[in-house]
Amino acid sequence: MILAIDMGNTHIELGLVDDQGILMSERIKTDTNKTTTEYAVLLHTIFQIHQIDVKSIEGAIISSVVPPVVNLLRDAVKTVTGKTPLIVGPGVKNGLRLMIDNPKQLGSDFVVDAVGAIERYGAPLIIIDMGTATTYTYIDETKAFRGGTIMPGVRISLDALVSGTAQLPRISLDAPEHVVGTNTIASMSSGIVFGQASMLDGMIDRICDEMQVDAPVIATGGLSKLIVPHCRHKITIDHELMLHGLKIIYDRNCGR
């Protein structure tokens, strides 16, 4: 059993994973102001809640898009478990063929998503990760990483709309009954939820047209469950994709 951690800009997802699957997962807030000790206390508390014996944790791996927090979390994991985690990045074996301009610039979230998705769903494949940013990845029929797209995420778009206007209120991410809203809240909800769903559909069409494929689509990330049900394309939601990808990368680097 290993501890797998995915650190995003907004949340940190952590899980205990073995060869059979995910045994436990939790999410905590990413906070650049926290100290190593504070992160260690959070980890210790989560293990206590789930009655996890830290001695049963054989190793750990971290993927992060927040460089300032990586060392803090690495040291916190070492403090609590006694294991020094593997950090996903250049020099770590992932098994991907990267057909992009500069592989060293590729974010670890793209890498882990791709590794997990190829293992679970094969190729070709379109992967959508809906977090702070919404990202798209295209994997071709040879399982090569061909590139992707990055755009503002759902909450960033909503925050920009509210902060950039004088009269629009902050709203929840609930889908309205109709596309054409008859009041401000309904109109905003339609624009955010149905607008984002339409964006996903449109980008899928453009990727498939450009690559001349009809590829399956996998979505992950905390906001996918709010938007994907309103898409017209068939999209499979897999909230465990990142943790599975981390387990695969860990095994490839630790001789399992």
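This passage describes strands, buried residues, an aromatic pair and pockets in a predicted model.

Strand β1 spans residues 2-7. Six of its six residues are buried, so β1 is largely enclosed by the rest of the structure. Both faces of the strand are covered. On one side, Ile2, Ala4 and Asp6 are buried. On the other, Leu3, Ile5 and Met7 are buried as well. β1 has pairing partners in β2 and β4. With β2 the pairing is antiparallel and runs over six bridges. A hairpin of three residues makes the connection between β1 and β2. With β4, residues 59-64, β1 runs parallel, and six bridges join the two strands. Leu3 takes part in both pairings: Leu16 stands opposite in β2, and Ala60 is the bridge partner in β4.

Met24 belongs to strand β3, which covers residues 21-29. Its relative accessible area is 5%; Met24 is therefore buried, the cut-off being under 20%. Beyond residues up to four places away in sequence, Met24 touches Leu14, Gly15, Leu16, Ile46, Phe47 and His50. One of these contacts, Leu16, is also the residue opposite Leu3 in the β1-β2 pairing. Val54 lies 30 residues from Met24 in sequence, and their C-alpha atoms are 13 Å apart.

A further sheet is open and contains six strands. Their order is β6-β9-β8-β7-β10-β11, with mixed pairing. β6 (97-98) and β11 (236-237) stand at the edges. Each has a single partner strand, so one side of each is left without a neighbour in the sheet. β6 pairs with β9 in the parallel sense, over two bridges. Across this pairing, Arg97 stands opposite Ala144 in β9.

Strand β9 also contributes to the one aromatic pair in the structure. The partners are Phe110 and Phe145. Their geometry is edge-to-face, with 6.2 Å between the centres and 80 degrees between the planes. Phe110 lies in helix α3 (residues 108-121) and Phe145 in β9 (residues 144-152), so the pair ties together parts that are 35 residues apart in sequence. Both rings belong to buried residues.

Ser190 sits in helix α5, residues 184-211. Its relative accessible area is 6%; Ser190 is therefore buried by the same under 20% cut-off. Leaving aside neighbours within four places in sequence, the contacts of Ser190 are Pro176, His178, Val179 and Gly195.

The largest pocket has a volume of about 830 Å³. Its lining comprises 31 residues. Nearest the centre are Arg27, Met130, Gly131, Gly221 and Gly222. Several elements each supply at least two lining residues, among them β1, β2, β3 and α3. β7 (125-130), β8 (133-139), α4 (154-163) and α6 (224-227) also do so. By class, the lining divides into nine nonpolar, twelve polar and ten charged residues.

The second largest pocket holds about 280 Å³ of space. It is lined by 16 residues, and those closest to its centre are Gly89, Pro90, Pro103, Leu106 and Val111. Here the lining divides into eight nonpolar, seven polar and one charged residue.

Methods: Residues are numbered from 1 along each chain as its sequence is written. This is a predicted model: local features need pLDDT of at least 70, side-chain atom pairs count only at pLDDT 80 or more; totals for chains, interfaces and linings use all residues. Side-chain values use heavy atoms; hydrogens and water are left out. Rings of Phe, Tyr and Trp (its six-membered ring) pair if their centres lie within 6.5 Å; planes under 30 degrees apart count as stacked, over 60 as edge-to-face and the rest as tilted. Helices (H or I, at least four residues) and strands (E, at least two) are DSSP runs, numbered from the N terminus. Buried means under 20% relative accessible area, exposed over 50%, partly exposed in between (1.4 Å probe, protein chains only). On a 1 Å grid over the protein atoms alone, a cavity is a set of points where a 1.4 Å probe fits but cannot get out, and a pocket is an open set with protein on both sides within 12 Å along at least five of seven lines; lining residues have an atom within 4 Å of a point. Grid points are joined across faces, edges and corners, and a volume is the space filled by probe spheres set on the points. Ala, Val, Leu, Ile, Met, Phe, Trp, Tyr, Cys and Pro count as nonpolar, Asp, Glu, Lys and Arg as charged, and the others, Gly among them, as polar. Contact means heavy atoms within 4.5 Å. Two strands pair if DSSP finds at least two bridges between them.
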